[in-house]
Amino acid sequence: MLKYQAIAADLREKITRGIYQPDDQLPPSGELERTYQASKMTVKHALDYLE
């Protein structure tokens with residue numbers, strides 16, 4: 001599994017478990033970059049993949 005796919009899977013799991021509610025926004029990309037220790041482009045790919 002590629003890093004962006006792993007990030008998307010983790011975010012999807014958090015949405016499924018109710019950590020993020022349907023009307024909530026995800027954290028800003030800068031925060032996601034730090035959380036997942038990923039580049040801006042990797043986070044962008046993860047968010048695109050998540051959609």
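**Exercise 1. Find the accessible surface of the protein chain and say what share of it belongs to carbon and sulfur atoms.**

Solution. Keep in mind that you're working with a predicted model. Step one: the accessible surface of the protein chain comes to about 3,800 Å². Step two: of that area, 50% belongs to carbon and sulfur atoms. Step three: turn from the surface to the inside, where buried residues make up 25% of the 51 residues.

**Exercise 2. Work out whether the radius of gyration of the protein chain agrees with that of a compact globule.**

Solution. Start with the expectation: a compact globule of 51 residues would have a radius of gyration near 10 Å. Now look at the chain itself, which has 10 Å, so the two agree. To get a feel for the dimensions, take the C-alpha trace along its principal axes: it spans about 25 × 20 × 15 Å.

**Exercise 3. Describe the helices and strands of the protein chain, and say which residues the UniProt domain annotation covers.**

Solution. First, count: there are 3 helices and 0 strands. Next, read along the sequence, and you get the pattern α-α-α. Then bring in the record: an unreviewed UniProt entry carries the annotation "domain: HTH gntR-type" for residues 1-51. Over those residues the chain is 65% helix and 0% strand, and its end C-alpha atoms sit 18 Å apart.

Now for contacts along the chain. Take those between residues at least 6 apart in sequence: 65% of them join residues at least 24 apart.

**Exercise 4. Is Leu50 buried or exposed, and which residues does it touch?**

Solution. Locate it first: Leu50 lies in helix α3, which covers residues 40-50. Its relative accessible area is 19%, and the cut-off for buried is under 20%, so Leu50 counts as buried. Now list its partners, leaving out residues up to four places away in sequence: Leu50 touches Ala8, Leu11, Arg12, Ile15 and Leu26. For a distance check, try Arg34: it is 16 residues from Leu50 in sequence, and their C-alpha atoms are 18 Å apart.

**Exercise 5. Place Tyr20 in the chain and decide whether it is buried or exposed.**

Solution. Tyr20 is found in the loop between α1 (3-16) and α2 (29-36). Its relative accessibility is 16%, so Tyr20 counts as buried. What does it touch? Skipping residues up to four places away in sequence, you'll find Leu11, Lys14, Ile15, Leu26 and Pro27 around Tyr20. Compare that list with the partners of Leu50: Leu11, Ile15 and Leu26 turn up in both. Last, a distance: Tyr20 and Asp48 are 28 residues apart along the chain, with 17 Å between their C-alpha atoms.

**Exercise 6. Look at the loop between α2 and α3 and say what stands out about the phi of Gln37.**

Solution. Begin with the general rule: most residues other than glycine have a negative phi. Gln37 has a positive phi of about 50 degrees, although it is not a glycine. Gln37 is found in the loop between α2 and α3 and, at 68% relative accessibility, counts as exposed.

Ser39 lies in the loop between α2 and α3 too. Its relative accessible area is 39%, which makes Ser39 partly exposed.

**Exercise 7. Give the C-alpha distances from Ser39 to Tyr4 and to Gly18.**

Solution. Take Tyr4 to start: Ser39 and Tyr4 are 35 residues apart in sequence, and their C-alpha atoms are 9.8 Å apart in space. Then do Gly18: here the gap in sequence is 21 residues, and the C-alpha distance to Ser39 is 26 Å. And where is Gly18? Gly18 sits in the loop between α1 and α2, and with 29% relative accessibility it counts as partly exposed.

**Exercise 8. How many positive and negative side chains are there, and how far apart are the centres of the two sets?**

Solution. Count by sign: the protein chain has 7 positive and 8 negative side chains. Then take the centre of each set, and you'll get two points that lie 6 Å apart.

Notes. Residues are numbered from 1 along each chain as its sequence is written. This is a predicted model: local features need pLDDT of at least 70, side-chain atom pairs count only at pLDDT 80 or more; totals for chains, interfaces and linings use all residues. Side-chain values use heavy atoms; hydrogens and water are left out. Helices (H or I, at least four residues) and strands (E, at least two) are DSSP runs, numbered from the N terminus. The radius of gyration is taken over C-alpha atoms; the globule rule is 2.2 Å times the number of residues to the power 0.38. Buried means under 20% relative accessible area, exposed over 50%, partly exposed in between (1.4 Å probe, protein chains only). Contact means heavy atoms within 4.5 Å. Accessible areas come from the Shrake-Rupley method with a 1.4 Å probe; for residues, only the protein chains shown count as cover. Lys and Arg count as positive and Asp and Glu as negative; His and the chain ends are not counted. The place of a charge is taken as NZ of Lys, CZ of Arg, CG of Asp or CD of Glu. UniProt positions are given in the numbering used here, feature names are shortened, and annotations may be inferred rather than shown by experiment.
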